[in-house]
Amino acid sequence: MTMYATVDSPLGELLLVGEETGGGVALASLSLPGQKGAAVVQDGWVRAPEAFAGIAAQLREYFAGRLTRFDIAYADGVGTDFQRRVWAALDTVPYGETVSYGEIAGRVGASAAGVRAVGTAIGRNPLLIVRPCHRVIGADGALRGYAGGLERKERLLGLEGALAVR
């Protein structure tokens with residue numbers, strides 16, 4: 001069963017979507033308002049804020065600057081094999097640090113020509129904020145692409161003390 005909830009945040013109202021599991025909910029999507037490719041509530045989805053209480057609490061702690069690593073179960077079967085490899089590489093980028101798209105490409109064994117494919121996979125990350133695609137910047141230190149908008153990317157990096165030098 002697909003469940004959803006909305007959570008207020010400094011970036012606007014977040015839409016959380018998950019799949020029911022034996023032990024709770026596995027997060028399938030976390031969307032920001034106006035985000036490119038954002039999830040949209042579908043017929044048959046069940047509004048279940050209580051199922052997302054733990055995730056909501058972690059998000060509040062993160063935005064308050066008291067949480068540096070999320071402990072959230074993610075839904076299986078989302079994305080292609082390549083996308084999942086790229087997303088797993090994102091999960092290794094520590095709080096307060098940034099990496100380039102080229103560094104992520106190297107971590108997943110993509111060639112220099114594969115940097116664009118890596119960027120596309122990062123752009124399709126369905127779990128903004130909790131899977132830290134905002135920590136990936138251009139090789140020159142410039143902020144590049146973010147499905148939630150560059151202003152939000154800048155705010156997240158500012159929160160983490162990892163703003164890129166412009």
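**Exposed loop, open sheet and nonpolar core of the predicted model**

Ala-139 counts as exposed, with a relative accessibility of 81%. The structure described here is a predicted model. Ala-139 lies in the loop that runs between β6 and α5 (150–159). The residue is separated from Val-17 by 122 residues in sequence, and the C-alpha atoms of Ala-139 and Val-17 are 33 Å apart in space. The assignment of Ala-139 follows from the cut-off for exposure: because exposed means over 50% relative accessible area, a value of 81% places Ala-139 in that class.

The strands are considered next. Four strands form an open sheet with mixed pairing, in the order β3-β2-β1-β4. The edges of this sheet are occupied by β3 and β4 (46–47), each of which has a single partner strand, so that one side of each is left without a neighbour in the sheet. Helix α1 packs on the sheet and touches β1, β2 and β3. The direction of α1 makes about 145° with that of β2.

Within the sheet, β1 and β2 run antiparallel and are joined by six bridges. In this pairing, Ala-5 stands opposite Leu-16 in β2. Strand β2 (residues 14–21) also pairs with β3 in the antiparallel sense, over seven bridges, and here Leu-16 is positioned opposite Leu-30 in β3. Leu-16 therefore faces Ala-5 in one pairing and Leu-30 in the other, with pairing between strands defined by DSSP bridges. The connection from β2 to β3 is a hairpin of two residues. Although β3 stands at an edge of the sheet, the strand (residues 24–31) is mostly covered, with seven of its eight residues buried.

Helix α1 (residues 53–63) contains Gln-58. At 17% relative accessibility, Gln-58 counts as buried, because the cut-off for burial is under 20%. Apart from residues up to four places away in sequence, Gln-58 touches Leu-67, Phe-70, Asp-71 and Ile-72.

The largest nonpolar core comprises 42 residues. Those with the most contacts inside this core are Leu-27, Leu-59, Ile-104, Ile-122 and Ile-129. Two or more residues are contributed to the core by each of β1 (2–7), β2, β3, α1, α2, α3 and α4. Helix α1 provides the largest share, namely five residues. The surroundings of Ile-104 illustrate the packing: when neighbours within four places in sequence are left aside, Ile-104 is in contact with Val-86, Ala-89, Leu-90, Val-93, Val-99, Val-118, Ile-122 and Val-136.

Two of these contact residues of Ile-104, Val-118 and Ile-122, belong to the buried set of α4, which consists of Val-118, Ala-121 and Ile-122. The buried residues lie on the same side of α4, because they cover an arc of only 100° around the axis. Residues three or four places apart in an α-helix point the same way, because each turn takes 3.6 residues. The buried residues of α4 pack against α2 (81–90), α3 (101–107) and β6.

The packing of α4 with α2 can be described further. The axes of the two helices, α2 and α4, come within 9 Å and cross at roughly 80°, which means that α2 is roughly perpendicular to α4. On the α2 side, the contact is made by Phe-82, Gln-83, Val-86, Trp-87 and Leu-90. On the α4 side, it is made by Ala-117, Val-118, Ala-121 and Ile-122.

The loop between α4 (115–123) and β6 (136–137) contains Ile-129, and Cys-133 is found in the loop between α4 and β6 as well. Ile-129 is buried, with a relative accessible area of 1%. The backbone at Ile-129 has a positive phi of about 75°, although the residue is not a glycine. Most residues other than glycine have a negative phi. Ile-129 is also among the residues with the most contacts inside the largest nonpolar core.

Cys-133 likewise counts as buried, at 4% relative accessibility. Leaving out residues up to four places away in sequence, Cys-133 touches Leu-90, Ile-122, Asn-125, Leu-128, Tyr-146 and Lys-153. Of these contacts, Leu-90 and Ile-122 also take part in the contact between α2 and α4. Cys-133 and Tyr-146 are 13 residues apart in sequence, with a C-alpha to C-alpha distance of 7.8 Å.

Notes. Residues are numbered from 1 along each chain as its sequence is written. This is a predicted model: local features need pLDDT of at least 70, side-chain atom pairs count only at pLDDT 80 or more; totals for chains, interfaces and linings use all residues. Side-chain values use heavy atoms; hydrogens and water are left out. Buried means under 20% relative accessible area, exposed over 50%, partly exposed in between (1.4 Å probe, protein chains only). The arc is that of the directions from the helix axis to the C-beta atoms. Contact means heavy atoms within 4.5 Å. A nonpolar core is a set of buried Ala, Val, Leu, Ile, Met, Phe, Trp, Tyr and Cys residues joined through side-chain atoms within 4.5 Å. Axes are lines fitted to C-alpha atoms, for helices over the stretch in contact, and angles run from 0 to 180 degrees between N-to-C directions. Angles under 35 degrees count as roughly parallel, over 145 as roughly antiparallel, 65 to 115 as roughly perpendicular and the rest as oblique.
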